[in-house]
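The following exercises concern a single protein chain. Please work through each task with the sequence and coordinates at hand before reading its solution.

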Amino acid sequence: MKAVDLQDLPSLVYQLLLLASKGINKGAVIGGILGFFGGSLTGPASIVRQVEGTVLMHVNFAVKQDPSLGQEVLAIVRSDRGVLNHFAVAILLSVARVRRFNERSIGVLRSAVVTSHRDYKLSWNCKWLPDDVKEECLETAKCVEKALIKAVNESNYGREHVVPSTVQFGFVLLESIDSGSGDVGGSRGLMSMEELGIQILKTLFEVHDMARNEIIEQCKFRILSLKPHESMPIIKLFGHLVQSYPYPMLDYIAHLKELLDYFSFMNDVTSVALVDAILPLIKFSRDLQDYVVLVVRKAMFKREDSVRIAATNVIIELILMENRSKKDGINSLQESSSQASCSQQAISCGLGRGLFQELSGLLQRCLSQQARVKEIMYHGLIKLVVLDPFVATSVLDFLWPHFLHFYKEDADSPLRVDACFKLESGKICLVEPLDYLLSCVSWILLLQPHDKSDHPSEYSWPCFDFSPSQENEVARTSSGELFSNALSKIRRSLRKCTLDDGEGQSEDTSLPSQGGKTCSRGWILLGIIEVFVNVVASELEKAADEEKIVLEKEIMELVSSYDFLEKESIMNKQRSGTRKGSSRYIQDKANSESKEYPHVSLQKLSQARRPFFATSNIHQLLVTALKSGNADYPDKHTASQNHSQSSSCKTWDQCLKLISFALKACLHHLQSISLMKTGSNNDPLKTLFHGDVKQLGQLIMQLVWLLKSGLKLEKDPKKIEGKRKTNIENKGDQLLLSLLCLNELFKLNSSGVHFAQLIEDMLILQAPELDSETTIDTAQGIDNGQGSMPEDKFLRRLHLFLEKIIKPLYSELLALSLFHESEVLAELIVIIEKKLPRQQKTYHGTWAGGICRSSSIENPNAARSVAGLAIYLMPAPNDLIVAHDMALELLKVMGSEDKDPEEISETFPIINHSTKNAISAMLIQVVECCMVELDWSVSKLKAISIVNLEFIGLKKKHQFGERLPGLKLEEALHFRSEALAYLLSSFLEMNLKDSQAEHLLKVTARFYKLLARMTKLCIAPKGCKQLLPSPKFQKLAEVTCSRLTSPLYNFVALVQRNQQENAQRRGIISKIKRENRCIPDLIFQIEDYEKYLIQLSKLTKVNLLRHAKRSTARDFKIIEMKKLAIEGEASEHDPSQANSTSSENESSEESVGPDEENASEKVASPESGGGTPDEHSETDKEDQEMELRRKRAKMSRIVEDSDEET
């Protein structure tokens, strides 16, 4: 076809399609067309595109006339993704215009995208796959993506008939995100499925005018019909269209209004996201803005709480959008592109007024709604002041009358905390989130400009066209002063705050309602204290040296009040829930609860609340805590030298309270940042609250060293006198908090630039207790062959950070028996290790393995964490070798039927009597993770084998590109399966619990199912030449038959015997049911695997079953203990076995030995039922035994080995 003139190609293709419709080489014709036009055609680009468009029309017409051609197209593309070039995509989209092929064509394209993304994600996270396979998966995903993008970009050259199917495919991609891989591309240039679908639809919206109406209608239909989480990608598409093409979107205002009519009937998250996507259009259309206001007004009077919450969010976003427009120099009220209707003009109060005043009535209504609505409004008002500080005065004027309901100016306790709650139906309900209100006011006072004479407020409260009087101006400016005075009085009262503040002393706290009210009052006061600590910390940042001492003293007093209120609130919570019990019991329980959850949210254990702190203020708190900790360290004899510089921390206990408060605030702050990262990118509070969180890293690390040094000192037996046990426990909790903060900080800065800067900041610090021996050992470890220093600067610094800081700290935590802290640090090591190359991972994995061989740990969770870290850090295949070594030592500790268990392993001391169950569970979890990867690999290998077998001749003739035959993947798969078989075989001799044994049987059944699939792939289809199995596969068959299958039958017999011995205990029926499910499935999977081994042995004349277990005569019943004893005696006199003559095995009798002959007899089809019944099955039974057997007979078959194998 290359010799044919470009203009003559369509007619030639048409003639070829006529020949194919007559049944002449359909596959070759279709494949040739796909390969030829998928390459690069020489000629002018416009003519080439027109020729391709004409060919697409011919193919579409041919498929309509002969549907078998459509089937051929689908079969070729479905079987080999290598042919999915841009022209193949266009062909499928053209075929999709035929009704009978619509769903299948779109399904083939969707499957290609989903499978390529899934293959890339799984392969890139699989450490035992060859790098060539990983690169192939990445290139395949990129080729599919490029083919789709190119086909869509060229859709305007005579291909208009494929536009409807392209629109359909774009929305199918957006709806397939859950089944895809999400954002898997990262920095490797691969778009996620969501981004790909949005890009396709954006291109169609831009290029084809006729597609715009269909895209908008489909968006509207799917937003209204899909579930909230499914409609979010559609709403993102809506937002992209509005941002990129605002003027074309103005033509579809009517469609948007129809969608907004359903605002009150949508899910609250969906409705808010939809309005956020539409809001940028109000800069160009006053009509749309007024309609949104009308919709929100109606929603505010709905009965449903969720609708009013959504309406409040929209009100805030409307006001913020107007302020952004004004900030950008666009006044949406004066530059409208349309005239408002009469009803909308009634809503508008006149040009020149901001939406803040226009919607003040709705905001006023928000103050009478539930607490959640008020929280959203207070948070939104802070955003408003951040965007425009000159609106602060108007906001304070708006809030002052409402604040007076909860403030008493003349009282000693100015806050009326009791007014924040009410009793409804016996339950205490929060009416006013007073902590949120005070936080809002405090931030507004900090953000408002102090020089207001040159910047008159644009948000005055005009009434008609009259200007405000001088008296009103004085009243308005005094609201800030009133708030400042009120906050100052509240601030003084909180230094010695109790739960009785704002409450009558005569109330009986023994009543449930009063106890709950007292507890709720405590949580509100805790939030209020946080607000004022944030205020003091912001003042501390700008204060002079003399003022800093006073402010630090005030922080300590507030923290002391916070600590007292926190303990009292927990005790009141226990009193309200417990009628009996001494106060000592309640205090111990409260202490244990606070110790168990040291990293919870600051206010409530059950609620996630927004933080009240900014990053800069958290930094000041950490600086103050570190400064006071160093000044009042109990081992410092020279503390008097720093007395003039010390803060108000006079005791070590007070320092610990401050450190604990600062770390809790820091952890809550970092967690809130990670949640906000998934939200809107234009949130004005990100700059105010977040800032540069990397600056917290050095301070957190210094606190870790300080707390760890204190624990090491207090656990020293020479210095234990005079120390309190509770003091040690508190430091342990604070050390845990500091490590959790460090983890969150590294998660937030996981990207390349931020991660490198964070490591750089950490390396500036020097570990105070890093002695010379540790430094020498580190240098030697870096210089040796395994841990050679990497050449890359970032990797070198990362390696030094692990060697100098993290590893010594981890070893010390284990030495101090701080196991929970060591688990958290292990998670941090895993985060860091993802950045290292294979060689460095081997070095650090060897280090973790050395800890397992040298440390004796009796804490189950800590031992599991250390062992899991050693296996995770070690690259393949060494990871499963280490796991196998641990399993062999675990066998000694768990014991077997022949050997008594040992107390502790000599090779791995972490495996002992206390940790054996945790280690075994961890190893089985490793097996399950490996089988997930094996399952994907078998599916990938099957796809490659289909391509190689069916289209090998086609690929030689056409330019589809040579596909990798999968030999490397096959070898890696068989080698990994062999290592997994060795690991599983180690468990078959252990004395496992019933639950562990059942779990192991289920996992092993899944493994045999994978083995059967692998063996089936080695069998050539009919008409193809059968190849000899590879040496790796032969070794795998040998290991599974000799090391796994044979012991497995004995293990099944042992499990059944143990269950029979425990038959009189409770729960025997449930055990029998579980056994009925797992054991028959296991035996079926084993026989299915061996059936394919027999078939492969016949075809290749290679004896793959020479190590298989001999056939056994089984009955499919649970054998009673009496019966087992009788059979044991009979087997000594009559050792003969029941023989089954299988005609399937007669042809291979000469090539196999007697062992394999019996082994092949054992293979039976899954439908064949059971074997020969036991000859002693007619022995006498008691009535109870008969009833039990009758019940079992109704269940699934149970397979039991004969006694001959014993």
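The conventions come first, followed by the exercises with their solutions.

The model is predicted, so local features need pLDDT of at least 70 and side-chain atom pairs count only at pLDDT 80 or more, whereas totals for chains, interfaces and linings use all residues. Residues are numbered from 1 along each chain as its sequence is written, and side-chain values use heavy atoms, with hydrogens and water left out.

**Exercise 1. Overall description**

Task: State how many helices and strands the chain has, and what percentage of its residues is buried.

Solution. Step 1: assign helices (H or I, at least four residues) and strands (E, at least two) as DSSP runs, numbered from the N terminus. The chain then has 47 helices and two strands.
Step 2: classify residues by relative accessible area, where buried means under 20%, exposed over 50%, and partly exposed in between (1.4 Å probe, protein chains only). Of the 1206 residues in the chain, 53% are buried.
Step 3: compute the accessible surface by the Shrake-Rupley method with a 1.4 Å probe, counting only the protein chains shown as cover for residues. The total for the chain is about 54900 Å², and carbon and sulfur atoms account for 50% of that surface.
Step 4: list contacts (heavy atoms within 4.5 Å). Among those between residues at least 6 apart in sequence, 79% join residues at least 24 apart.

**Exercise 2. Helix H16**

Task: Compare the span of H16 with its expected value, and decide whether the helix is mostly covered or uncovered.

Solution. Step 1: H16 covers residues 305-327, which is 23 residues.
Step 2: the expected span is 1.5 Å times one less than the number of residues. For H16 the expected value is 33 Å, and the distance from first to last C-alpha is close to it, at 33 Å.
Step 3: 18 of the 23 residues of H16 are buried, and the helix is mostly covered.

**Exercise 3. Salt bridges**

Task: Find how many salt bridges the structure has, and examine Lys26 with Asp66, Glu52 with Arg49, and Lys627 with Glu552.

Solution. Step 1: apply the criterion, a side-chain nitrogen of Lys or Arg within 4 Å of a carboxyl oxygen of Asp or Glu. The whole structure yields 33 salt bridges.
Step 2: the closest N and O atoms of Lys26 and Asp66 are 3.9 Å apart. Because Lys26 lies in helix H2 and Asp66 in the loop between H3 and helix H4 (67-79), this pair ties together parts 40 residues apart in sequence. Lys26 is partly exposed at 22% relative accessibility, while Asp66 is buried at 14%.
Step 3: Glu52 and Arg49 form a salt bridge at 3.8 Å, N to O. Both residues lie in helix H3, three residues apart, about one turn of the helix. Glu52 is buried at 1%, and Arg49 is buried at 17%.
Step 4: Lys627 and Glu552 form a salt bridge at 3.7 Å, N to O. Lys627 belongs to helix H27 (residues 615-631) and Glu552 to helix H25 (residues 545-577), so the pair ties together parts 75 residues apart in sequence. Lys627 is partly exposed at 35%, and Glu552 is buried at 5%.
Step 5: follow shared partners. Arg49, Glu52, Glu154 and Arg159 are joined into one network.

**Exercise 4. Cysteines**

Task: Determine how many disulfides the structure holds, and whether Cys219 and Cys420 are buried or exposed.

Solution. Step 1: search for pairs of cysteine sulfur atoms within 2.5 Å. The structure holds zero disulfides.
Step 2: Cys219 is buried, at 0% relative accessibility, and Cys420 is buried, at 0%.
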